[in-house]
Amino acid sequence: MFNLVTLADISSIGDYIRENLIPNWVSFVCQLGALIVMILVVFFVAYKPVRKMLKKRSDYIEDNIRQAEEAKAETIKNASQSEEAIIASKKEAANIIAQAKETAEDNKRAMIEETQLEINKMKSLAEEDIARSKEEAKEEIRQEMVSVALAASEEVLKREVNEKDNARIVENFIKDMDK
């Protein structure tokens, strides 16, 4: 330490500077060597392992980032595939619905046609039945008229009419009835 008392004891300032301010070269070289050894020890013992650990950590983080990006890309790809599948499903559902409507419409038309055919068949059968009933009724009326005409002609003529006369009288009567 520098104090005034010590300065007074020293005969000259030059001696003081030489003794206290100029370093000892041997001590300086030893301290410099110790510093270099210390730097090398710190470099090999602390810096390299820390650097390796930091490199490992950096690689781990980069790997996680890369995996996250790959997962994100895969998720986007899966999402687009899902959207495409949904769109395809919607189109397929629309086609199925359209086909079902078309099938239902065809079934409806077929049932209407079948019903119409049955109605026409029933109508024609009814018309045939009516015509047959009409013919049967005409025949019954004709038979009845023949009987009545025969009875009337026997009464009028007071004789028995033969079949030839009877047929002629009936035919004339029927012709008159149809008019």
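Read from the N terminus, the elements of the protein follow the order α-α-α-α. The model is a predicted one, and its secondary structure amounts to 4 helices and 0 strands. Mean pLDDT for the protein is 82, with 77% of the residues at 70 or more. Confidence varies along the chain: helix α1, covering residues 4–9, has the lowest mean, 52, while helix α3, covering residues 25–157, has the highest, 89. Helix α3 is also where the residue pairs described below are found, beginning with Asp59 and Lys55.

A look at the surface comes next. Of the 179 residues in the protein, 5% are buried. The exposed area comes to about 16,000 Å², and carbon and sulfur atoms account for 61% of that area.

Charged contacts offer a good way to walk along helix α3. The whole structure contains 5 salt bridges. One of them joins Asp59 to Lys55, with 3.3 Å between the closest N and O atoms. Both residues belong to helix α3 and sit 4 residues apart, about one turn of the helix. The two partners fall into separate accessibility classes: Lys55 is exposed, at a relative accessible area of 51%, because the exposed class begins over 50%. Asp59, at 34%, is partly exposed.

A little further along the numbering, Arg66 pairs with Asp63 in another salt bridge, and here the closest N and O atoms are 2.1 Å apart. Again the two residues lie in helix α3, this time 3 residues apart, which is about one turn of the helix. Arg66 has a relative accessibility of 39% and counts as partly exposed; Asp63, at 26%, is likewise partly exposed. This pair does not stand by itself, since Asp63, Arg66 and Glu70 are linked in a network of salt bridges.

What links the side chains of Asp129 and Arg132? These side chains meet in a salt bridge, with an N to O distance of 3.3 Å. Asp129 and Arg132 are 3 residues apart in helix α3, so about one helical turn separates them. Asp129 is partly exposed, its relative accessibility being 38%, and Arg132 is partly exposed as well, at 46%.

Beyond these pairings, there is a surface feature built from acidic residues. Glu135, Glu136, Glu139, Glu140 and Glu144 come together in a patch of negative charge on the surface. Among them, Glu139 is located in helix α3. The relative accessibility of Glu139 is 37%, which places this residue in the partly exposed class. That value also fits membership of the patch, because patches are made of residues with over 30% relative accessible area and no salt bridge.

Taken together, helix α3 holds the salt-bridged pairs Asp59 and Lys55, Arg66 and Asp63, and Asp129 and Arg132, together with Glu139 from the patch of negative charge. Helix α3 is also the element in which confidence is highest.

Definitions and conventions:
Residues are numbered from 1 along each chain as its sequence is written. This is a predicted model: local features need pLDDT of at least 70, side-chain atom pairs count only at pLDDT 80 or more; totals for chains, interfaces and linings use all residues. Side-chain values use heavy atoms; hydrogens and water are left out. pLDDT is the predictor's confidence in each residue, from 0 to 100. Buried means under 20% relative accessible area, exposed over 50%, partly exposed in between (1.4 Å probe, protein chains only). Accessible areas come from the Shrake-Rupley method with a 1.4 Å probe; for residues, only the protein chains shown count as cover. A salt bridge is a side-chain nitrogen of Lys or Arg within 4 Å of a carboxyl oxygen of Asp or Glu. Patches are made of residues with over 30% relative accessible area and no salt bridge: like charges are joined within 9 Å, nonpolar side chains (Val, Leu, Ile, Met, Phe, Trp, Tyr) within 5 Å. Lys and Arg count as positive and Asp and Glu as negative; His and the chain ends are not counted. The place of a charge is taken as NZ of Lys, CZ of Arg, CG of Asp or CD of Glu.
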